[in-house]
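I opened this entry to keep a record of what I looked up, step by step, while going through the chains and the places where they meet.

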Amino acid sequence: MYGTRLRALSIATLVTLTGGFALAAFYAPEDADQGFMQKILYLHVPLAIAALCGFIFAGICAIQHLRTNEFRWDLRSYVAIHVSLIFGAAVLITGSIWARASWGHWWVWDEPTLVSFLIVFLLYATYQPLRFSIEDRDKQSRYASVFAITAGAFVPLNFLAVRLAQSYTHPRVFATANGGLEPHMKVAFYVCLLGMALLYVTLWKYEMAAKNTRMQLKALRRRLGGDIVAPPRRSAQPTMESA
Amino acid sequence: MGEAPAIELDGLVRRYGERTALDRVSVSVPAGATLVVFGPNGAGKSTLLRVLATLLRPQGGSAHVLGKALPGEAWKVRGHVGLLGHDPLLHRDLTARENLRFHARLHGVAFARIDELLEQVGLALRGDEPVRELSRGMVQRVAACRAVLHEPEVLLLDEPTANLDPAAADALEPLVGRASGRTRVVTSHDPARGLAEADVVLGLRGGRAELSGDGVSESAVRELYR
Amino acid sequence: MRRAVSAVLRRDLRIETRTPQVVPGMALFSISAFVVFHFALQARSVSGNLAAGVLWVTLLLAAVLGIARQFVADREEGGFEGFLLAPVDRTALLVAKVASLFLFLVALELVAVPAFLIMLLGPSPVEFWRLLLALLLADAGIAFVGTLVGALAVQSRARDLLVPLLVLPLLVPLLIGAVKISAPVFGAPVAAARWPWVLALYDLVFGLVAYAVFDFLLED
């Protein structure tokens with residue numbers, strides 16, 4: 001079910017992203033202060049926005065899971081957090097590179113997005129250990145959903161608080177993204193944003209398809225092979241219950 | 001056939017992770033009768049009792065206690081069942097009276113009943129000592145008081161006299177034994193004694209009901225454990 | 001509902017007064033932490049933002065100790081099941097636990113704040129009400145978040161690792177607010193007036209989230 005339209009989606013993602021990067025590199029003008037390295041923000045900020053939306057989406061899936069108690073919502077939430085974490089790591093890395101290029105340090109506290117992201121990343125990094133440490137499957141899924149909802153509610157609060165706290169130093173370097181940006185920059189930015197959104201959806205679908213297929217395979221094996229299949233190990237991943 | 005059965009299970013299913021702890025179990029227990037559940041360890045006896053106590057939700061089939069459906073009407077059932085198992089559900093640093101008062105408050109029962117019950121089990125004088133200073137038999141007696149504090153119509157007894165000497169076991173009789181007149185579900189490992197007090201029998205193995213009904217022979221019960 | 005809340009709360013308070021563990025533990029920890037700070041910062045006294053930071057970090061870490069212990073007794077001594085068997089609204093457990101954690105935090109602060117003023121604070125405190133406001137708002141937030149995380153972690157095998165890892169990031173916005181509000185007491189310039197509102201918002205959001213999801217942590 002998740003495999004349909006995957007190829008078309010992947011191509012669309014590739015095209016949009018390449019287009020976006022090309023626009024960012026050549027079409028958009030260079031920033032007066034920071035030069036070429038500022039362009040990494042065309043990568044950094046869309047990644048951040050996609051990751052954050054992913055975390056909120058995971059929270060919504062978790063709400064659905066608690067309401068309907070259907071396993072597929074739990075899987076959607078799990079995969080969404082997984083992909084968002086990967087994006088989050090990329091956010092931190094690109095942010096660090098940009099900080100080094102702009103200010104000479106590998107980490108700065110002045111960019112609220114980056115700092116908020118670190119906190120959010122630290123929080124969601126506990127998702128998998130939390131799942132792994134609860135053995136009963138039903139409980140594991142339920143508690144994971146509670147976590148995803150709590151963390152999802154936390155994300156906007158965190159950004160608000162950190163943004164307010166940092167208002168003393170730099171004017172937000174990339175707040176200009178949505179106001180006061182030159183039209184060329186805007187175009188490049190929005191294309192990159194779209195590309196990242198597509199990348200997120202593509203990766204999410206890929207992982208959902210892969211997991212679903214693996215589970216169906218396991219279920220088939222179990223039905224064919226009787227009880228010869230090895231007993232399942234403790235794992236953090238949501239699994240279907242045997243029918 | 002007047003009254004509806006006190007407990008009615010039809011194809012009850014309960015899983016624990018990947019294992020099926022209760023596999024389509026069906027049994028019917030008339031009001032005031034005693035159901036004895038036999039089965040080796042891990043057969044699902046405790047799980048069955050916990051489902052009836054509304055601590056676990058059924059995941060398949062249907063379950064009715066006192067005419068109310070689980071899990072939908074579980075909250076209506078709660079005040080009418082009493083559970084007594086291995087875990088006395090008492091905090092060791094509090095006294096017997098303090099523990100019982102906690103449960104009395106939760107169930108809306110007057111404190112006078114606590115003294116009545118402690119008197120019945122012969123612990124009225126030791127009611128103000130911390131539970132950790134009582135012997136196992138005494139703790140179980142206090143736990144029995146806790147289980148019947150709110151005068152439940154259904155009693156769920158999970159090997160209540162395990163590890164108790166005969167005197168202590170006898171002390172529990174008036175509260176949770178046949179004499180109490182309530183509908184009871186009792187797990188047992190002793191075929192002879194269990195059958196003697198059973199009106200209905202259920203034999204579980206691996207979550208499945210291999211024996212059920214009345215008129216079950218002792219040898220059939222022993223077969224379960226082989 | 002009120003009967004159930006009062007039953008659980010009285011029991012928890014009685015257990016704590018009978019065999020005090022949580023509050024003395026938190027209080028002792030905070031005093032040890034001040035000693036550690038003295039040596040780590042190599043400062044005879046602190047003031048301004050640094051002072052607010054030292055106090056709040058200490059309070060937060062002490063709170064983590066209390067949070068970890070909250071549900072352990074219930075799980076091990078059958079408190080959960082006793083409660084679950086009763087015909088009461090299960091949210092009562094949440095309310096009672098939030099209330100008891102709040103009270104434990106207040107008890108902690110009755111020791112930790114004077115200790116801090118004596119041991120580490122340089123200038124005399126001014127406009128003390130700011131600190132009280134910060135403590136009130138923060139205690140509520142820590143109580144909500146802490147109870148939620150405590151309930152989450154009690155079922156896991158890695159309980160003592162998970163609680164700090166979950167709680168600290170979640171409490172960062174609260175920490176920011178608390179420091180901003182209380183720093184003027186120790187000599188720092190006054191921060192924007194919006195911070196008490198931010199903290200109140202935080203409390204509201206997490207109070208609502210806790211209320212909404214708590215039942216799911218109890219059912220089986």
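The notes below go from one chain to the next and end with a contact between two of them.

**Entry 1, chain C.** I began by recalling that this is a predicted model, and then I looked up the elements of chain C, which has nine helices and zero strands, so that from the N terminus on the order reads α-α-α-α-α-α-α-α-α. For the overall dimensions I noted a radius of gyration of 18 Å for chain C, which agrees with the value near 17 Å that a compact globule of 220 residues would have. Along the principal axes, the C-alpha atoms of chain C fill a box of roughly 55 × 35 × 30 Å. I also noted that 51% of the 220 residues in chain C are buried, and that, among contacts in chain C with a separation of 6 or more, 86% are between residues 24 or more positions apart.

**Entry 2, the open sheet of chain B.** Turning to chain B, I found an open sheet of four strands in the order 2-1-4-5, with antiparallel pairing. Strand 2 (19-29) and strand 5 (68-70) of chain B are at the edges, and because each has a single partner strand, one side of each is left without a neighbour in the sheet. On average, neighbouring strands of this sheet are turned by 30 degrees against each other, direction ignored. I then followed strand 1 (residues 7-16) of chain B, which is joined to strand 2 of chain B by eight bridges and runs antiparallel to it; within that pairing, L9(B) has V27(B) as its bridge partner.

**Entry 3, strand 9 of chain B.** Which way does strand 3 of chain B run relative to strand 9 of chain B, parallel or antiparallel? I found the two joined by four bridges and running parallel, with V36(B) opposite V201(B). With strand 10 (residues 208-213) of chain B, strand 9 pairs in the antiparallel sense over five bridges, and here L202(B) has S212(B) as its bridge partner. The hairpin of strands 9 and 10 of chain B has two residues between the strands, and G206(B) takes a positive phi near 60 degrees there. As for burial, five of the six residues of strand 9 (residues 200-205) of chain B are buried.

**Entry 4, chain A against chain C.** Last, I looked up this interface, where 24 residues of chain A are in contact with 23 residues of chain C. Helix 4 (112-124), helix 5 (127-132) and helix 6 (137-165) of chain A each supply at least two residues of the side that touches chain C, and helix 6 of chain A gives the most, with 15 residues. By class, I noted 18 nonpolar, four polar and two charged residues on this side of chain A.

Definitions and conventions:
Residues are numbered from 1 along each chain as its sequence is written. Chains are lettered from A and ligands numbered from 1 in the order in which they are written. This is a predicted model: local features need pLDDT of at least 70, side-chain atom pairs count only at pLDDT 80 or more; totals for chains, interfaces and linings use all residues. Two residues are in contact if their C-beta atoms, placed from the backbone, lie within 7 Å. Ala, Val, Leu, Ile, Met, Phe, Trp, Tyr, Cys and Pro count as nonpolar, Asp, Glu, Lys and Arg as charged, and the others, Gly among them, as polar. Two strands pair if DSSP finds at least two bridges between them. Axes are lines fitted to C-alpha atoms, for helices over the stretch in contact, and angles run from 0 to 180 degrees between N-to-C directions. The radius of gyration is taken over C-alpha atoms; the globule rule is 2.2 Å times the number of residues to the power 0.38. A residue is buried if 20 or more other C-beta atoms lie within 10 Å of its own, exposed if 12 or fewer, and partly exposed in between; C-beta atoms are placed from the backbone.
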